[in-house]
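User: I would like to practise reading helix packing and burial in a model. Could you walk me through one, feature by feature?

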Amino acid sequence: MDCEVKMKYQELFETEMQRLIYSGEVLNQDLFLNEEDLRYRLRNREALFINKIKDALEKIRNNTFGICEKCGEPIESKRLEARPMTKLCLSCKEEEEFKENLHMDGRRHKSLGVY
Ligand SMILES: [Zn+2]
């Protein structure tokens with residue numbers, strides 16, 4: 001992945017993380033928490049989301065961002081644009097979903113969407 005694209009995603013993640021951490025809701029809960037505390041204290045959507053963003057930023061640092069965790073192939077750039085925090089390429093994701101559906105009797109996770 002070229003530097004420019006990586007920078008773009010890094011910026012996107014950092015902006016999003018700041019937004020989540022300093023959103024009104026969080027601030028009202030506790031003004032003096034730092035990021036690490038937040039990570040352990042919040043058990044809501046935001047905390048989960050922040051962790052995903054941190055993972056993604058870590059990958060950017062390790063140069064593994066945009067690489068499928070399963071097959072090691074680059075993730076389609078269109079897919080990354082739609083779901084920047086995805087860890088799987090489209091075909092691996094489809095495979096996972098297929099298996100998940102088999103195991104879960106057709107029910108889907110009600111987590112944070114389809115990352
Ligand atoms: Zn893959």
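Analyst: Here we go from the overall fold to a helix pair and then to single residues. This is a predicted model, where local features need pLDDT of at least 70 and side-chain atom pairs count only at pLDDT 80 or more, while totals for chains, interfaces and linings use all residues. Residues are numbered from 1 along each chain as its sequence is written.

User: Let's start with the fold: how many helices and strands does the protein have?

Analyst: Helices (H or I, at least four residues) and strands (E, at least two) are DSSP runs, numbered from the N terminus. Here the secondary structure comes to 6 helices and 0 strands, in the pattern α-α-α-α-α-α along the sequence.

User: How should I read a pair of packed helices, and at what angle do α1 and α4 pack?

Analyst: Two packed helices are described by the angle between their axes and by the distance between those axes. Axes are lines fitted to C-alpha atoms, for helices over the stretch in contact, and angles run from 0 to 180 degrees between N-to-C directions. Helix α1 (residues 3–21) and helix α4 (residues 45–62) pack at about 155°, with axes 10 Å apart. That makes α1 roughly antiparallel to α4 (angles under 35 degrees count as roughly parallel, over 145 as roughly antiparallel, 65 to 115 as roughly perpendicular and the rest as oblique).

User: Which residues of α1 and α4 meet?

Analyst: Two residues are in contact if their C-beta atoms, placed from the backbone, lie within 7 Å. On the α1 side, the contact residues include Tyr-9, Phe-13, Met-17 and Leu-20, and on the α4 side they include Phe-49, Ile-50, Ile-53 and Leu-57. The residues of this contact divide into 11 nonpolar, 1 polar and 3 charged (Ala, Val, Leu, Ile, Met, Phe, Trp, Tyr, Cys and Pro count as nonpolar, Asp, Glu, Lys and Arg as charged, and the others, Gly among them, as polar).

User: Is Met-17 buried or partly exposed?

Analyst: A residue is buried if 20 or more other C-beta atoms lie within 10 Å of its own, exposed if 12 or fewer, and partly exposed in between, with C-beta atoms placed from the backbone. Met-17, in helix α1, is partly exposed, with 19 other C-beta atoms within 10 Å. Leaving aside residues up to four places away in sequence, Met-17 touches Ile-50 and Ile-53.

User: How much of the protein is buried, and how many residues of α6 are?

Analyst: Buried residues make up 11% of the 115 residues. In α6 (residues 90–103), the number buried is 0 of 14, so this helix lies largely in the open. Helix α6 reaches 20 Å from its first C-alpha to its last, close to the 20 Å expected at 1.5 Å a residue (the expected span is 1.5 Å times one less than the number of residues).

User: What is the phi of the residue that follows α4?

Analyst: Most residues other than glycine have a negative phi. Asn-63, which follows α4, has a positive phi, near 65°. Asn-63 sits in the loop between α4 and α5 and, with 10 C-beta neighbours inside 10 Å, counts as exposed.

User: What does Lys-70 touch?

Analyst: Lys-70 is also in the loop between α4 and α5 (77–82). Not counting residues up to four places away in sequence, Lys-70 touches Leu-88 and Cys-92. The C-alpha atoms of Lys-70 and Leu-88 are separated by 6.5 Å, although the two are 18 residues apart along the chain.
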